[in-house]
Amino acid sequence: MHAPTITGGPALTQSKTPGEIVAGPISQEWAARKSKAVSAAVGTTMPVYTAAAGGGVVVDVDGNSFIDLGSGIAVTSIGNSAPAVVDAVTRQVEAFTHTCFMITPYSGYVEVAELLNRITPGDFEKRSALFNSGAEGIENAVKIARAYTGRQAVVAFDHAYHGRTNLTMALTAKNQPYKSGFGPFAPEVYRAPLSYPFRDGGLSGPDAARRAIDHIEKQVGVENLAAILIEPIQGEGGFIVPAEGFLPTLVDWARENGVVFIADEVQTGFARTGALFASEHEGIEPDLIVTAKGIAGGLPLAAVTGRAEIMDSPQPGGLGGTYGGNPIACAAALASFRTIEDEGLVARAASLGERIVERLRGIQSTDSRIGEVRGRGAMVALELVKAGTTEPDAALAKAIASYAHRNGVILLTCGTYGNIIRLLPPLVIDEALLDEGLSILADGLAKN
Ligand SMILES: *Cc1c(COP(=O)(O)O)cnc(C)c1O
């Protein structure tokens with residue numbers, strides 16, 4: 001397995017300014033250059049600059065090693081620089097780097113489309129189209145749904161995250177930092193209440209779905225509604241797993257009313273949740289499914305896949321883009337999927353998840369600041385609250401993440417209230433390494 005060696009030891013120190021973390025001298029130099037060269041609006045979670053990464057380890061330019069519990073936000077699920085991806089990309093780079101699929105097409109694009117049509121949920125005739133980023137995939141799914149239905153309105157949910165372009169900002173729920181000052185936003189976007197078991201007072205999945213449907217029928221009207229768009233498990237919004245029955249009830253209602261059901265599986269897709277797609281956990285078959293992040297081992301690629309009659313409905317030439325389905329990214333995607341199959345990473349995601357949840361539930365039994373441990377497969381979160389209440393504790397999440405960073409673990413937070421610690425380890429991570437990372441998380445909880 002490709003993995004840089006671990007040099008270990010506390011990686012970073014805390015400066016005299018509270019909360020500020022100080023990296024090694026070479027990273028500090030780069031940070032100084034960044035502040036003069038890169039827009040200040042582009043933030044970084046950690047102050048270290050990457051030199052190499054693989055097998056669940058990231059090594060910085062000063063030689064510090066970090067246990068990777070983030071996978072670059074659920075992208076490098078098969079590990080960084082996975083051998084099959086390196087090989088496929090190298091061969092493709094040597095053959096050709098770009099022709100534009102809309103000018104002289106190439107086989108890799110078609111093969112990725114065939115693959116997606118085969119592996120996504122639903123045993124019906126499908127088509128795919130390829131793009132560059134999750135946000136671009138979502139935008140195109142909405143375009144397709146509007147073309148197919150002849151309707152304009154789109155419903156997204158509370159706590160949703162769908163990207164940073166104009167339409168996807170409108171679809172995203174959270175104001176700071178994603179939307180503030182960037183309006184006006186695209187019209188005909190409506191928001192419905194989610195099923196959020198920890199904060200729902202025990203509302204059942206079907207009841208939460210009926211609450212959302214009632215809201216949609218009264219405030220939007222099905223005759224105007226092109227699509228409902230939802231993450232089967234919310235990512236940035238806080239790893240919220242809706243109560244059982246919520247998603248199937250929405251799908252049934254959408255189907256009865258000629259509304260296109262779009263699953264945003266950008267974060268949940270490709271083995272992450274212990275299934276190839278999170279939709280499978282509840283047996284739903286989305287009309288359209290949007291994928292990106294984990295699709296190509298770190299190369300930028302996104303896709304919209306779905307029912308042939310919907311996908312074929314926009315006018316010829318209506319979909320596309322200069323780089324969409326770039327040949328190098330397609331080669332990486334095919335190699336990445338082979339790696340998932342060859343290394344049994346769907347099952348590995350499930351077993352890693354069980355290991356993480358068991359450890360975290362153990363900690364939770366003696367720490368009432370852990371309101372909930374939740375997730376599916378290797379997509380697990382801790383919701384942190386003021387002890388024994390449901391009041392979000394964002395300061396604690398921040399302190400624990402900062403402790404982890406100083407002690408050599410890449411740990412991410414998320415959530416509308418900023419109080420969620422989320423774990424997204426590469427699915428090829430060594431169990432001992434994972435355990436070490438979780439121990440540092442446990443120490444962070446004990447010391448804050
Ligand atoms: C990351 C993400 C997006 C946006 O993807 P980009 O590639 O950053 O544009 C959309 N939806 C979900 C669920 C995501 O996690």
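In this predicted model, an oxygen atom of the ligand is placed 2.8 Å from a polar backbone atom of A135. A second contact through the backbone involves Y161, of which an N or O atom lies 3.4 Å from a nitrogen atom of the ligand, while Q267 takes part through its side chain, a polar atom of which is found 2.8 Å from an oxygen atom of the ligand. Taken alone, the ligand exposes 380 Å², and the protein buries 82% of that area.

The residues around the ligand comprise S133, G134 and A135, then Y161, H162 and G163, and further along the chain E231, D264, V266, Q267 and K293. Sorted by class, this shell is made up of three nonpolar, five polar and three charged residues.

Turning to the packing of helices, two packed helices are described by the angle between their axes and by the distance between those axes. Helix α4, spanning residues 107–119, packs with helix α10, spanning residues 327–342, at an angle of about 40 degrees, and their axes are 8 Å apart. Because angles from 35 up to 65 degrees fall outside the parallel and perpendicular ranges, α4 is oblique to α10, and the crossing of these two helices, α4 and α10, is left-handed.

Another pair is formed by helix α12 (residues 394–406) and helix α13 (residues 431–446), which pack at an angle of about 130 degrees with their axes 9 Å apart. The helices α12 and α13 are therefore also oblique to each other, and α12 passes α13 in a right-handed crossing.

Methods. Residues are numbered from 1 along each chain as its sequence is written. This is a predicted model: local features need pLDDT of at least 70, side-chain atom pairs count only at pLDDT 80 or more; totals for chains, interfaces and linings use all residues. Side-chain values use heavy atoms; hydrogens and water are left out. A residue is near a molecule or strand if one of its heavy atoms lies within 4 Å of it. A polar contact is a pair of N or O atoms within 3.5 Å; within protein, one must be able to donate a hydrogen and the other to accept it, and residues adjacent in sequence count only if both atoms are side-chain atoms. Accessible areas come from the Shrake-Rupley method with a 1.4 Å probe; for residues, only the protein chains shown count as cover. Ala, Val, Leu, Ile, Met, Phe, Trp, Tyr, Cys and Pro count as nonpolar, Asp, Glu, Lys and Arg as charged, and the others, Gly among them, as polar. Axes are lines fitted to C-alpha atoms, for helices over the stretch in contact, and angles run from 0 to 180 degrees between N-to-C directions. Helices (H or I, at least four residues) and strands (E, at least two) are DSSP runs, numbered from the N terminus. Angles under 35 degrees count as roughly parallel, over 145 as roughly antiparallel, 65 to 115 as roughly perpendicular and the rest as oblique. A crossing is left-handed if the near helix is turned anticlockwise from the far one by less than a right angle, and right-handed if clockwise.
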